[in-house]
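Please find below a short note on the structure, set out as numbered points for discussion.

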Amino acid sequence: MSQEPQASDRVILHVDMDAFYAAVEVREDPTLKGWPVVVGADPAGGRGRGVVATASYEARAYGIHSAMPISEAYRRCPEAAYVRPRMSLYAEVSADIFDLFRRYTDLVESLSLDEAFLDVTASRNLFGSGPEIARSLKADIVDETGLTASVGVASSKFVAKVASDLDKPDGLVVVPAGRQQQFLAPLEVARLWGAGPRAQEKFRRLGVRTIGDVVTVGRPKLVEVFGEAMGSRFHELSRGRDFRTVVPHHARKSLSKETTFLNDVSDRRIVETTLLRLCEDAARGLRKRGLAGSTVTVKLRWEGFETVTRQATSDTPVDTTDGLWAVARALLRSADRPELRVRLVGVGVSGLASVEELDIARAQLGLFGSEEPATEDRLARAVDQLRERFGSHAVTRAALVGLAAARRSARSGPGSDSETPGRERPRTG
């Protein structure tokens, strides 16, 4: 009977497509080749809302990057080709790429449309060593899609992911087993998973600049500064130790909805009603997937692009609008700064459970004489059925009926601060 491979025997590939959305657009329109291409919101001559989804490497030379405000991207490079995202197209291309991944292994863990881990440990008898598999896969991607990918090869997911980012685009970086710590040592500490801006500031106060410096700090001090969980993680990762396996199928971890207003909003009635609509959309999405969530997060972005989030967790998962809205409204009001206009509002639901777990929780509530959740649940599902049969506007909450009127009223006056979700515009590339 064969034994499971030890961590040092594993061969993990991290495959990351190069500027994926932009590369697909260039493939579809070869006249864009060699030109700065920015995929994202309409820049509207530098007054656009929204952010950059992906920038080609030519655009990155101007300092443009993902999640940058589209207005800032336009200021840096107004002559770039600005293209609206075509997610259905990217999904089709992604499906083709993942089919190529599965030629080499069934152990494929998707991280996004353009990024995945592959465990090719058991594939070496058929396809050769890890580096040989990586080279073959890269060649297949070029031959069959016309796109390029960067690949990291290592014995752990963390090290493979770091490696794939070091020689972009079209790179291949191999970290031999036993050399993980030496490979990581000179790299900046920001490359550690979980080392966000706050953690980086703490590292700076410790005199830590590189991952190698983290090793010298020692586990006790890391735990003291970052807490048991995070300190232990940094201790392990800095030494290249990451024993997580490649998981082919992930349960969904969260669901979120958000809206960016075309103009910054000062009227809190519009903000609250928009958040109610987002709660309704999120609740419907949960029920469609047979899920319920116990943690609700509200996201607010002010006119100056400062973003805040607030979250709360309940004992019982919910999948109804009223259940989400009761928490979301309280979070919104606790986070609100009325003197500022609102640029974006969103709601997220995490701590997801299956509907079976939800039914058990509701049954337990029923033991204490509460039948309200079951009634609310039946009503929500009845509304879902009506909308499925007669259309999404067949049943509408009274509060949402007034939203369109409020928008029109706001738009009609001077200094409009109405809310309207971003709409598809013609491609400008």
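**Notes on the fold**

1. The chain exposes about 21,900 Å², and carbon and sulfur atoms supply 51% of that area. These values come from a predicted model.

2. Of the 429 residues in the chain, 46% are buried. Among contacts with a separation of 6 or more, 68% are between residues 24 or more positions apart.

3. The secondary structure of the chain comprises 17 helices and 12 strands. The points that follow concern one sheet and a helix that lies across part of it.

4. The sheet is open and is formed by five strands, which follow the order E5-E6-E1-E7-E8 with mixed pairing. Strand E5 (108-112) and strand E8 (172-174) are the edge strands, each of them pairing on one side only. From one strand to the next, the twist averages 15 degrees.

5. How do strand E1 and strand E6 run, and how many bridges join them? Strand E1 (residues 12-17) and strand E6 (residues 115-119) are antiparallel and are joined by five bridges. Within this pairing, Leu 13 stands opposite Leu 118 in E6.

6. Which strands does helix H4 lie across? Helix H4, spanning residues 87-104, lies across E1, E5 and E6. With respect to E5, helix H4 runs at about 155 degrees.

7. In summary, strand E5 is an edge strand of the sheet and is one of the strands that helix H4 lies across. Strand E1 stands between E6 and E7 in the strand order, and its five bridges to E6 join strands that run antiparallel.

Notes:
Residues are numbered from 1 along each chain as its sequence is written. This is a predicted model: local features need pLDDT of at least 70, side-chain atom pairs count only at pLDDT 80 or more; totals for chains, interfaces and linings use all residues. Side-chain values use heavy atoms; hydrogens and water are left out. Helices (H or I, at least four residues) and strands (E, at least two) are DSSP runs, numbered from the N terminus. Buried means under 20% relative accessible area, exposed over 50%, partly exposed in between (1.4 Å probe, protein chains only). Contact means heavy atoms within 4.5 Å. Accessible areas come from the Shrake-Rupley method with a 1.4 Å probe; for residues, only the protein chains shown count as cover. Two strands pair if DSSP finds at least two bridges between them. Axes are lines fitted to C-alpha atoms, for helices over the stretch in contact, and angles run from 0 to 180 degrees between N-to-C directions.
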